[in-house]
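Biologist: Could you pull up the model so we can go through it together? I have a few short questions about the ligand site and some of the helices.

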Amino acid sequence: MSRYWSAVTRKLTPYVPGEQPKEAGLIKLNTNENPYGPSPRVIEAVHVQANETLRLYPDPDSAALKSAIGAHYGVASECVFVGNGSDEILAHAFHALLKQDQPILLPDISYSFYPVYCGLYGIDYATVPLTDDFQIRVDDYIRPNGGIIFANPNAPTGCPLPLAQIERLLQANTESVVVIDEAYVDFGGESAVSLIHRYPQLLVVHTLSKSRALAGLRVGFAIGDAELITGLTRVKDSFNSYPLGRLAQVGALAAIQDQVYFDLTRQHIIVSREKLTADLMALGFVVLPSAANFIFARHPQFQGEQLAAMLRERHIIVRHFRQPHRIAPFLRITVGTDSQCQALVDAFAAILQGATAATPSFRTG
Ligand SMILES: *Cc1c(COP(=O)(O)O)cnc(C)c1O
């Protein structure tokens, strides 16, 4: 705390990202990165662009990228916004669209960055509890509000909400913006992009960090009615006119255009997720049904924190959240390569074996 800090800075509770370990050789299943890396076409495009033109500012509008995203989703460029990671887009959405007189609504268990943005921009919010089986119930959001935001599939549960439910919410909630954060939708969820022309209050936010394996490039995009996009652009142009550098713009464009690589890698992750889920259930884990590139799992005989620590001793890192209390028993585990998933299953098997050996009366199952 410095006496030079502003009042806002003093009151902030910043987001704490998952660890990016400095030591080599860890199996890193803690931040939902894609184990397969970006399309080779991305690497090539970035190489080609790494030249003397880097002295020039990039296109402030990222026009070529927006046009490619628009073509991919069948929407006009005017309905596309791009940002330096979807976190930045979410920040602009809070500032431009969700800062209203009434509190916004968000699930009690969701992406923990949302309350951080509320703190940063002075936005009141109310949390809506997930059901006992960790689902979003749309009826709970049908009440006066300044806006609604949640992730679909939700984070860190991985649970998807069917598109028909989102449409029901949009029909009932016409007076405020509904932001759907689809960071994980490419791994099996149903996207709401098809609804943007019928519901001008809908903003759908995507990232290239997960399904396009570009967390290091920092690119996200949003799709919505042109007037919502204009609102976001007003905030962006009052904040940073050049959020995407030249390398990011060409790399992201190449990623969007390589449909074959995209489909191949995300299908592989979906198949691996189903196998990992079955393997962990066979070891006695409770695993929530996931449509993401991670699973949310607990073992009835262990604390989440304890399991995470035992995995770490075996050089595997996963994510554990202490809060809210209801999710403290769970671990959020990124779906890695098949050999990484196998190493995880083997480590859990050894941990459970050890627990059985150490406590003769210990029963599994
Ligand atoms: C990873 C993630 C993001 C952020 O993605 P970036 O584009 O890397 O900033 C946003 N929302 C959710 C739910 C995420 O899991």
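Biologist: To start with the ligand, how far does a polar side-chain atom of K210 lie from an oxygen atom of the ligand?

Modeller: Bearing in mind that this is a predicted model, a polar side-chain atom of K210 is placed 2.9 Å from an oxygen atom of the ligand. With the ligand bound in this way, the protein covers 93% of the 390 Å² of accessible area that the ligand has on its own.

Biologist: And which other side chains have an N or O atom 2.6 Å from the ligand?

Modeller: D181 has a side-chain N or O atom 2.6 Å from a nitrogen atom of the ligand, and for S209 the partner of such a side-chain atom, again at 2.6 Å, is an oxygen atom of the ligand.

Biologist: Which residues are around the ligand, then?

Modeller: The residues around the ligand are G85, S86, D87, L90, Y111, D181, A183, Y184, T207, S209, K210 and R218. By character, this shell divides into 4 nonpolar, 4 polar and 4 charged residues.

Biologist: Which helix gives the most to that shell?

Modeller: That is helix α4, residues 86-98, which contributes 3 residues to the shell around the ligand.

Biologist: S86 is in that helix; is S86 buried or exposed?

Modeller: S86 counts as buried, because its relative accessibility is 9%, and the cut-off for buried is under 20%. Leaving aside residues up to four places away in sequence, S86 touches V205, H206, T207, V219 and G220, and T207 is also listed among the residues around the ligand.

Biologist: Changing topic, which residues of α5 are buried?

Modeller: In helix α5, which spans residues 113-121, the buried residues are F113, Y114, V116, Y117, C118 and Y121. As for their partners, the buried residues of α5 pack against helix α4 and against the strands β3 (104-107), β4 (125-128), β5 (148-151) and β6 (178-181).

Biologist: What happens just after α5?

Modeller: There G122 adopts a positive phi of about 65°.

Biologist: One more glycine: where does G70 lie, and what does G70 touch?

Modeller: G70 belongs to helix α3, residues 63-73, and, not counting residues up to four places away in sequence, G70 touches V75 and V80. G70 and V80 are 10 residues apart in sequence, while their C-alpha atoms are 6.5 Å apart in space.

Biologist: Why does G70 count as buried?

Modeller: G70 counts as buried because its relative accessible area is 1%, which falls under the 20% cut-off.

Note on methods:
Residues numbered from 1 in each chain as written. Predicted model: local features only at pLDDT ≥ 70, side-chain atom pairs only at ≥ 80, totals over all residues. Heavy atoms only, no water. Near = heavy atom within 4 Å. Polar contact = N/O pair within 3.5 Å; in protein donor to acceptor, adjacent residues only side chain to side chain. Areas by Shrake-Rupley, 256 points an atom, 1.4 Å probe, with all protein chains shown as cover. Helix = DSSP H or I, 4+ residues; strand = E, 2+ residues; numbered from the N terminus. Nonpolar A, V, L, I, M, F, W, Y, C, P; charged D, E, K, R; others polar. Buried < 20%, exposed > 50% of the residue type's maximum accessible area, 1.4 Å probe, protein only. Contact = heavy atoms within 4.5 Å.
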